[in-house]
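Reader: I would like the reasoning behind the labels. Take me through it step by step.

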Amino acid sequence: NSYPPAAGHADFHIPFIQNDGSPAPEGLVYVTETDFGEVQFVIYSRKLSPLNAETVVHAKAVETESGHVSFFPFPVTETHCVPCSLDKILLGRTDALIVSSDIVDPLLNQPQYKAIHRAFYKAYPVRALVPASADSGATRRYLAEGVKRLKETGELWSITRHQAAYADWQP
């Protein structure tokens, strides 16, 4: 079972994508002293009708993964099937999919997705969430020290996969 930290059943939540400096969920605080990297969100649309960060706001049908709907200042719907969303883009039933590049980019090597266009949307910081309790300071120090050690050995980036900057390429 997965227990949310705010319910007091877990010590922390890592990784957690922070939405534009928005406050942490009630009962939790972000660990901002430690850099867990950034997540590159990318707009996936049809090459025949490519969208970018400026034009996607005018699209009629945009999808994103569950839990990320609040990241966008324009209407989006949730998808629970990324390959299905890519197929809908190719069929013209959806204008775009905006998700983390590490979710879709590996799929773009498949021949059926050669007509997909990629464009950078935004980079979001990756944080840890800890309960906003009296002992959160100790947890924060523990995480900071652990992350420091993982960075020194190079293991952090292989765990989180959130080190790379956006790379502009097309399938």
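Author: Start with a cut-off: buried means under 20% relative accessible area, exposed means over 50%, and partly exposed lies in between. The model is predicted.

Reader: Why is Arg118 called buried?

Author: Arg118 has a relative accessible area of 2%. Buried means under 20%. Therefore Arg118 counts as buried.

Reader: What makes Arg118 and Asp105 a salt bridge?

Author: The closest N and O atoms of Asp105 and Arg118 are 2.9 Å apart. The rule asks for a side-chain nitrogen of Lys or Arg within 4 Å of a carboxyl oxygen of Asp or Glu, so the pair qualifies. The two residues are 13 apart along the chain, with Arg118 in strand E7 and Asp105 in the loop between helix H2 and strand E7.

Reader: Is Asp105 buried or exposed?

Author: Buried. Asp105 has a relative accessible area of 14%, and the limit for buried is under 20%.

Reader: What makes Glu63 and Lys88 a salt bridge?

Author: Their closest N and O atoms are 2.4 Å apart. The cut-off is within 4 Å, so the label applies. The pair links distant parts of the chain: Glu63 sits in strand E4, Lys88 in helix H1, and 25 residues separate them.

Reader: Why is Lys88 called partly exposed?

Author: Lys88 has a relative accessible area of 23%. Partly exposed falls between the 20% and 50% limits, so the term fits Lys88. Its partner Glu63, at 6% relative accessibility, counts as buried.

Reader: How do you know that Glu145 and Arg149 form a salt bridge?

Author: Their closest N and O atoms are 3.3 Å apart, and the rule says within 4 Å. Both residues lie in helix H3, four residues apart, about one turn of the helix.

Reader: Why is Arg149 called exposed?

Author: Arg149 has a relative accessible area of 55%. Exposed means over 50%, so Arg149 earns the term. Glu145, with 35%, is partly exposed.

Reader: How many salt bridges does the rule give?

Author: Three.

Reader: Why is Leu97 called buried?

Author: Leu97 has 0% relative accessibility. Under 20% means buried, so Leu97 is buried. Leu97 is found in strand E6.

Reader: Which residues does Leu97 touch, not counting residues up to four places away in sequence?

Author: Among them are Val42, Ile43, Tyr44, Glu63, Thr64, Leu86 and Val104. The C-alpha atoms of Leu97 and Thr64 are separated by 5.6 Å, although the two residues are 33 apart along the chain.

Note on methods
Residues numbered from 1 in each chain as written. Predicted model: local features only at pLDDT ≥ 70, side-chain atom pairs only at ≥ 80, totals over all residues. Heavy atoms only, no water. Buried < 20%, exposed > 50% of the residue type's maximum accessible area, 1.4 Å probe, protein only. Contact = heavy atoms within 4.5 Å.
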